[in-house]
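This report walks through a few parts of one protein model. Please keep the sequence and the structure in view while reading.

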Amino acid sequence: MRITVLGKSPSWQDAGGACSGYLVEDGETTLLLDCGNGVFAKLRERVDYTDVDAILISHLHADHILDLVPYSYALIYAPRQQPVPVGGYPGTDNPARPRLIAPSGAVDTFHQLVGSWGNEDLIDIAFAIEEYDPAETVEVGTLRARFQEVPHFTTTFAADLSSNGTRFTYGADCGPNDALVDLARDTDLLMIEATLPRPERTGERGHLTPGEAGEHGRRAGARRIVLTHYSDELDADACRAAAVETFGGEVELAREGAVYTL
Ligand SMILES: [Zn+2]
Ligand SMILES: [Zn+2]
């Protein structure tokens, strides 16, 4: 399994960066995990967007879904995707129509988003949308995805991807919790957010500090942890140091273009 960081920024992009997006490749299987603003261009630098088997969405925040809009325009209007189908793609042979595996309520959210300026069904025409049941396992080629709801400001699911006994766990966005620790138990690599320099001042938790991220990795017994979803306006060395202390071992910081082979 090969994971490439396409975007690791929080809800606003780093200079030259992209919000959440991770390319997961396993043999012939290509999966995009989240598709935040800036991700589509980064994806295009690495793979043909028509070759992506599925996009998996952790939650319906802008920084995890916004580039589904340009991705949809490409799938519908790119010359090689012609002719533009009437009423959708099912049964047609040539155009690519990747699976879009998203939380319950996604279709309504996409309609509200795109409907603010145009035909609301843009995303559901471009992709084959499946709203997942988090209690069930989803298979994409050789990858199996399990889900776990985690505390955030909207319904959010962490995902554990496995193939042939190798595991990659993605914590999505989350505040401190035990559920992610259980999902990530003994994982080969935990990609975990470390958004905050300090806990939210409001008291309502929805993100982690680097120290908390390291602690979650230690409690899960993760073999490797990679911190992500942190801004380039924070001190990266301080982030890493705080996580090393609580994880009790080496900690990596996601950067765009980084590749992890498991
Ligand atoms: Zn979020
Ligand atoms: Zn986010």
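In strand β13, E252 is the residue that stands opposite V226, and this pairing belongs to a contact between strands in which β12 and β13 (residues 252-253) run parallel and are joined by two bridges. The model is a predicted one, and the description that follows should be read with that in mind.

Strand β12 (residues 225-228) also has a partner in strand β11 (residues 189-193), with which it pairs in the parallel sense over four bridges; here I192 has L227 of β12 as its bridge partner. Two helices connect these strands: β11, helix α7 (residues 210-220) and β12 make a right-handed β-α-β unit, and β12, helix α8 (residues 236-247) and β13 make a right-handed β-α-β unit as well.

Which way do the residues of β12 point? I225 and L227 point one way from the strand, while V226 and T228 point the other way, and all of them are buried. In a regular strand the side chains alternate between the two faces of the sheet.

The next topic is the metal sites. The zinc ion (ligand 1) has H59, H61, H152 and D173 as its protein donors, and the zinc ion (ligand 2) is coordinated by D63, H64, D173 and H229. The two zinc ions are 3.5 Å apart, and D173 coordinates both. The table sets out the two sites.

| Ion | Donor atoms | Distances | Angles among donors | Spacing in sequence |
|---|---|---|---|---|
| zinc ion (ligand 1) | H59 (NE2), H61 (ND1), H152 (NE2), D173 (OD) | 2.1 to 2.4 Å | 92 to 166 degrees | H-x1-H-x90-H-x20-D |
| zinc ion (ligand 2) | D63 (OD), H64 (NE2), D173 (OD), H229 (NE2) | 2.1 to 2.2 Å | 92 to 158 degrees | D-H-x108-D-x55-H |

Why is the arrangement around the zinc ion (ligand 1) irregular? The four donor atoms subtend angles of 92 to 166 degrees, which makes the arrangement irregular, because a tetrahedral site would need all angles to lie between 85 and 135 degrees. The site of the zinc ion (ligand 2), with angles of 92 to 158 degrees, is irregular too.

Among the donors, H59 counts as buried because its relative accessibility is 0%, whereas H61, at 24%, counts as partly exposed. Both D63 and H64 are buried.

Helix α3 (residues 68-77) comes next in this account. Seven of its ten residues are buried, so the helix is largely enclosed by the rest of the structure; these are L68, V69, Y71, S72, A74, L75 and I76. V69 lies in this helix and counts as buried because its relative accessibility is 9%. Leaving aside neighbours within four places in sequence, V69 is in contact with L113, V114, W117, L122 and I123. V69 and E120, which are 51 residues apart in sequence, have their C-alpha atoms 11 Å apart in space.

The last residue to consider is R167, which lies in strand β10 (residues 166-170). Is R167 buried or exposed? R167 is buried, because its relative accessible area is 17% and buried means under 20%. Not counting residues up to four places away in sequence, R167 touches a list of residues that includes R146, D160, L161 and S162, the run from L183 to L189, and L262. The C-alpha atoms of R167 and L262 are separated by 7.9 Å, although these residues are 95 residues apart along the chain.

Terms used: Residues are numbered from 1 along each chain as its sequence is written. Chains are lettered from A and ligands numbered from 1 in the order in which they are written. This is a predicted model: local features need pLDDT of at least 70, side-chain atom pairs count only at pLDDT 80 or more; totals for chains, interfaces and linings use all residues. Side-chain values use heavy atoms; hydrogens and water are left out. Donors are N, O and S atoms within 2.8 Å of the metal (3.2 Å for Na, K and Ca); water is not among the atoms, so sites may look incomplete. Four donors count as tetrahedral if all angles lie between 85 and 135 degrees; four count as square planar and six as octahedral if opposite donors are over 155 degrees apart and all others between 65 and 115; anything else is irregular. Buried means under 20% relative accessible area, exposed over 50%, partly exposed in between (1.4 Å probe, protein chains only). Contact means heavy atoms within 4.5 Å. Two strands pair if DSSP finds at least two bridges between them. A crossover is right-handed if, with the strands pointing away from the viewer, the path from the first strand over the helix to the second runs clockwise.
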